[in-house]
Amino acid sequence: MALYYADEVPMNQGGYFYYSGGWTPDSSYDKYSRQWFIDARDKSGIVITDPYMDIPTASLVTTICIGVRNPDGSFAGSTGIDISLKELNNLVGKIKLSESGQSFILDKNGNYLTNENFDKVLNTNFFDEFKALSKYKNSVNGELFIDTDAPGGYYIAGQLINSETGWILVTIGKSSEIYSQMKKNIILIIIMAILALAVSVFITILMASKIVKPIQSVDVAVNGIAEGNADLTQRLAATTKDEIGDLVEGFNKFMSKLHGIIGDVKDSKEDLTSVKVELQESIDGAASSITEILSNIESMHGQIDNQTKSVTQTSAAVTEIAENINSLERMIESQASGVTQASAAVEQMIGNISSVNASVEKMAASFNALEQSTSVGIQKQQRVSEHVAEIEAQSKALQDANVAITNVASQTNLLAMNAAIEAAHAGEAGKGFSVVADEIRKLSETSAAESHKISEELHKISESIESVVIAARESSESFAGVSEKISQTDELVNQIKSAMQEQQEGSQQIVEALKTMNDNTSEVRSASREMAEGNRTILTEIQNLQDATGVIKEGMNEMTIGAEEMNKTSGQLSEISGKVNDSINRIGMQIDQFKV
């Protein structure tokens, strides 16, 4: 066997391989082509590989391997143990159920993995060699199977070793041998049973002779005690130190204890006789005392009844007072609630008045600002009217200028016509002048046309200015009306402001009065609560007094019943005293039979 560990890195890239036999592979060694490496990498848990030729030992081995994982679950390498098939063969070959029995490990196809003839390993099939047992080829499914009467005179047993490799362990042999061994074992068991029975009978007889005799002695002594004429001074001799000896010793202890008890009882007999007399005297005295207690209890009953009546009347009066106080307290609570609500309403009204007053002040300020704005607006409107008048005057001046321009254009046109006529008279010499005259005529026509347009625009502007003048006049009149209305409204607002201030002062006086009333109500309510608390205390004390009276009365009743019971008990004690006397006499007669 050899241990090994190989990491996941190839040898030619710096990987390593540890082998307990000291073998070190070279850089050309390919771990990735080895089945033990592939199984450990791709499978979880322990894996058993098929047999292969091991390089270091040059022998057939099988590997039991498991993959090593990093904390993150990745593959880190393979570790395992190589088991030589020869060593495995030596171990399995020693397993025999009979003299000529044999055991083998087979692969999933039934080929030998172990055999005394090592040449058959991986080369010979078990079921081909033992054809009579071929029907068991598919019998192994993980559970142990046994057949003691298999074909060919064989017995066979088998079990699956590994579910992945399909390896099974089988053991076979001659059925006659296993039956012969079974017969020998059965005969041996029967002989041993007979010997055990004989030994048991002998031991039983021996033990009986040793056990019965001491028990008989104990039986005689116990029967003597049961007959009543026993000598409590006698003791049994303990001859053994076993359970019988313990029984005899226990009997002797019992006799000693019983001897002491009977002696004490005899001594107590005389004491009981004297106690009997004293008990009778005590019973007689108790009877007279109980009679006197009963008479006293009857007298106390009458006094307690009178006290109960007085307490009941007092309780009724105090209860009535409590109801009156509760009614007064409810009235005070109702009054306090009304005062609180009225105070809250008045305070809310004061708050509303303050809010209205603030709004009125804001309105007054707004009206003052509006009045000032109106005055400014009137002034600005006047300025606008003045500017409009100026614009109107300037518009008239422009109209006059436009008329002058029209006249100039008309005269220029006439001059141009005259110049053209004169140029025509001049002939060739007047052609240049004719061109100038023509341009002047065009300028005159253009000026006339533009002057006509300007005249039309000035006429429109004049009409607009007249509209603006009329609107400015109307706006000034409106501003004057608005200013007058604002002045009137401002006077009304000031009147409202004065009225609200007077109402606020009156409401403040109402709040002060309500606060005083609320304080007085609180004082009355506190006094009422103190009265109610005191009354409840009185009621509690009266109730306690009633309860105590009831308890006393109940106690007196119980005392009466108890006294009557004691009286009855006194009579019964007298009877019991007589019975005790008779019992003492009988006990004395029985005890006198024992010798102490």
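Is Lys-43 buried, exposed or partly exposed? With a relative accessible area of 35%, Lys-43 is partly exposed, because that value falls between the limits of 20% for buried and 50% for exposed residues. The model discussed in this report is a predicted one, and the sections below go from the whole chain to single residues and their partners.

## The chain as a whole

The chain has 596 residues, and buried residues make up 27% of them. Its secondary structure comes to six helices and 10 strands. The accessible surface of the chain is about 37900 Å², with carbon and sulfur atoms supplying 57% of that area.

Contacts can also be sorted by how far apart the two residues lie in sequence. If one takes the contacts between residues at least 6 apart in sequence, 60% of them join residues that are at least 24 apart.

## Salt bridges

The count of salt bridges comes to four. One of them is formed by the side chains of Asp-7 and Lys-31, with a distance of 2.6 Å from N to O. Asp-7 belongs to strand β1 (residues 2–7), while Lys-31 sits in the loop between β2 (17–19) and α1 (35–42), so this pair ties together parts that are 24 residues apart in sequence. Both Asp-7 and Lys-31 are buried.

Lys-43, the residue of the opening question, meets Asp-39 in another salt bridge, where the N to O distance is 3.9 Å. The two partners differ in their cover, for Asp-39 counts as buried because its relative accessibility is 7%, whereas Lys-43 is partly exposed at 35%. A further salt bridge links Arg-41 with Asp-42, and here the closest N and O atoms are 3.0 Å apart. Arg-41 is partly exposed, since its relative accessible area is 29%, and Asp-42 is exposed, since its value is 51%.

## A buried serine in strand β6

Ser-78 is found in strand β6, which covers residues 75–84. This serine has a relative accessibility of 0%, and therefore it counts as buried.

What surrounds Ser-78 can be read from its contacts, if neighbours within four places in sequence are left aside: the list consists of Tyr-4, Tyr-5, Ala-6, Trp-36, Phe-37, Ala-40, Cys-65 and Ile-66. Of these residues, Tyr-4, Tyr-5 and Ala-6 fall within the range of strand β1 (residues 2–7), the strand that also holds Asp-7.

## Strand β10 and its partners

Strand β10 takes in residues 168–174 and is mostly covered, with five of its seven residues buried. On one hand, β10 is joined by five bridges to β7, and these two strands run antiparallel; within this pairing, Ser-103 has Thr-171 of β10 as its bridge partner. On the other hand, seven bridges join β10 to strand β9 (residues 154–160), again in an antiparallel arrangement, and there Ile-156 has Ile-172 of β10 as its bridge partner.

## A nonpolar patch on the surface

Ile-95, Ile-161 and Leu-169 form a nonpolar patch on the surface, and together they have about 220 Å² of accessible area. Leu-169 lies within the residue range of strand β10 (168–174), while Ile-95 has its place in the loop between α2 (85–93) and β7 (102–106). Ile-95 counts as partly exposed because its relative accessibility is 39%.

Terms used. Residues are numbered from 1 along each chain as its sequence is written. This is a predicted model: local features need pLDDT of at least 70, side-chain atom pairs count only at pLDDT 80 or more; totals for chains, interfaces and linings use all residues. Side-chain values use heavy atoms; hydrogens and water are left out. Helices (H or I, at least four residues) and strands (E, at least two) are DSSP runs, numbered from the N terminus. Buried means under 20% relative accessible area, exposed over 50%, partly exposed in between (1.4 Å probe, protein chains only). Contact means heavy atoms within 4.5 Å. Patches are made of residues with over 30% relative accessible area and no salt bridge: like charges are joined within 9 Å, nonpolar side chains (Val, Leu, Ile, Met, Phe, Trp, Tyr) within 5 Å. Accessible areas come from the Shrake-Rupley method with a 1.4 Å probe; for residues, only the protein chains shown count as cover. Two strands pair if DSSP finds at least two bridges between them.
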